[in-house]
Amino acid sequence: MFQTFGKEIDWDGHFDRSFGKEPVYHVTADDRIRICKNEEWNRYLFIAQMDTAARSLARAINDCKEKYSYNNARGGGFCINEFGIVIVPVSTGGNGYVLPKAIGVWRGELLFQFDSRLFSLNRKLGVGDSWPYPYLGMKYHLAAKNFIYYKLQAADGESFPRPPTADPQLIRNLRSIRNKGPMSFLVNNHGIVLAKAEEDWEPQYAGVIDFGKWYPDPLRCTREMSKDDVTDMIRILSKQDRRLWPDAKIYDALLQNYWLNGRTLNAGEQVQLAEIFIRHN
């Protein structure tokens, strides 16, 4: 099932895909989802079963690309992270720079066709077993000193966030595939961890994320607000003009915190939330 945010959000969280010729999710200009080799869109590997939910997802991705890309082109790659957040990279021009947008959340499985059979990327195996499906997911790193991190590029420089709580079992699983040194690994949209052995560089199954020992779900984290944010919010509430809401800095935070409830904020709820922030600022 795909649930839209109702508004595209500038994604400033983790966004690190595999490059080269590794597989990626891809949507065609006519709203079909495939798995392709990165940068080889004309050579698809698998085609998704396009049920109602998958078509809704494909249309939303293409609408985002058409709206924000420099040439208004439909079609291209997209990501679904381990929290189900659908992230759409949008090309801003010939310089190769992409602006990631978060558009909603995908829950469940995308089914892909292989010969006459269907498969998904949600399959549990034994640690160290060969992974027979596309090596696809968000990239993370295990340092030589056995801590997990990812690279986050921001305007003020590069940082390397770590999970708040270490997961010794996940680290042991990864070290059973590559016993020393720094390594990268992927986490797909089902939380399945994949890594490549150094001997043959073939992907292997490394377990499933324990979300209690992983990064916080960004959609469940309240974004820190400044006094300027609160002032903007009060200004908008006083006008009671819904057309202005998307222009407020607080809008994205409200949207991320409340979309899970399956409803939009009415004016009374916004006033209550504003009062809470005023008391704490």
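**Exercise 1. In this predicted model, determine whether Y140 and F185 are buried or exposed, and classify their ring pair.**

Solution. Start with accessibility: Y140 and F185 are both buried. Next, take the geometry. A pair of aromatic rings is described by the distance of the centres and the angle of the planes. For Y140 and F185 the centres are 6.0 Å apart and the planes make an angle of 25°. Planes under 30 degrees apart count as stacked, so the Y140 and F185 pair is stacked. Finally, place the two rings in the fold. Y140 belongs to strand β10 (residues 138-142) and F185 to strand β14 (residues 183-187), so the pair ties together parts that are 45 residues apart in sequence.

**Exercise 2. State how many aromatic pairs the whole structure holds, and which residues ring pairs link into a cluster.**

Solution. The search of the whole structure returns 17 aromatic pairs. Ring pairs join Y25, F46, F78, F112, F114, F119, W131, Y133 and Y205 into a cluster. Charges over rings are a separate matter. K101 sits over the face of Y68, 4.0 Å from the ring centre. R162 sits over the face of F147, with 3.6 Å to the ring centre.

**Exercise 3. Describe the largest nonpolar core and the surroundings of I33.**

Solution. The largest nonpolar core contains 33 residues, and Y25, I33, V86, L110 and F112 have the most contacts inside it. At least two of its residues come from each of β2 (23-27), β3 (33-37), β4 (40-48), α1 (52-68), β5 (76-80), β6 (85-91), β7 (98-106) and β15 (192-196). The most come from α1, which gives six residues. Now take I33: leaving out residues up to four places away in sequence, I33 touches H26, V27, I47, A48, M50, A54, L57, A58, F78, L110 and F112. Another core, of 31 residues, lies apart from the largest one; I9, F15, I85 and A206 are among its members.

**Exercise 4. Locate H14 and work out its environment.**

Solution. H14 is in the loop between β1 (2-10) and β2. Its relative accessible area is 8%. Buried means under 20%, so H14 is buried. Beyond residues up to four places away in sequence, H14 touches I87, M138, K139, Y140, Y150, K151 and L152. One of these, K139, has its backbone oxygen 2.8 Å from a polar side-chain atom of H14.

**Exercise 5. Find how many disulfides the structure has, and give the accessibility of C36 and C79.**

Solution. The search of the whole structure finds zero disulfides. C36 has a relative accessible area of 0% and is buried. C79, at 8%, also counts as buried.

**Exercise 6. Characterise D31 and W201 by backbone angle, location and accessibility.**

Solution. D31 is not a glycine, yet its phi is positive, at about 70°. D31 lies in the loop between β2 and β3 and is buried, with a relative accessible area of 16%. W201, also not a glycine, has a positive phi of about 55°. W201 is found in the loop between β15 and β16 (203-208) and is partly exposed, at 45% relative accessible area.

**Exercise 7. Identify which residues A144 contacts beyond its sequence neighbours.**

Solution. A144 is part of the loop between β10 and β11 (148-149). Neighbours within four places in sequence aside, its contacts are R175, G181 and P182. For P182, the C-alpha separation from A144 is 4.4 Å, although the two are 38 residues apart along the chain.

Terms used: Residues are numbered from 1 along each chain as its sequence is written. This is a predicted model: local features need pLDDT of at least 70, side-chain atom pairs count only at pLDDT 80 or more; totals for chains, interfaces and linings use all residues. Side-chain values use heavy atoms; hydrogens and water are left out. A nonpolar core is a set of buried Ala, Val, Leu, Ile, Met, Phe, Trp, Tyr and Cys residues joined through side-chain atoms within 4.5 Å. Buried means under 20% relative accessible area, exposed over 50%, partly exposed in between (1.4 Å probe, protein chains only). Helices (H or I, at least four residues) and strands (E, at least two) are DSSP runs, numbered from the N terminus. Contact means heavy atoms within 4.5 Å. A polar contact is a pair of N or O atoms within 3.5 Å; within protein, one must be able to donate a hydrogen and the other to accept it, and residues adjacent in sequence count only if both atoms are side-chain atoms. Rings of Phe, Tyr and Trp (its six-membered ring) pair if their centres lie within 6.5 Å; planes under 30 degrees apart count as stacked, over 60 as edge-to-face and the rest as tilted. A charge sits over a ring if NZ of Lys or CZ of Arg is within 6 Å of the ring centre and within 35 degrees of the ring normal. A disulfide is a pair of cysteine sulfur atoms within 2.5 Å.
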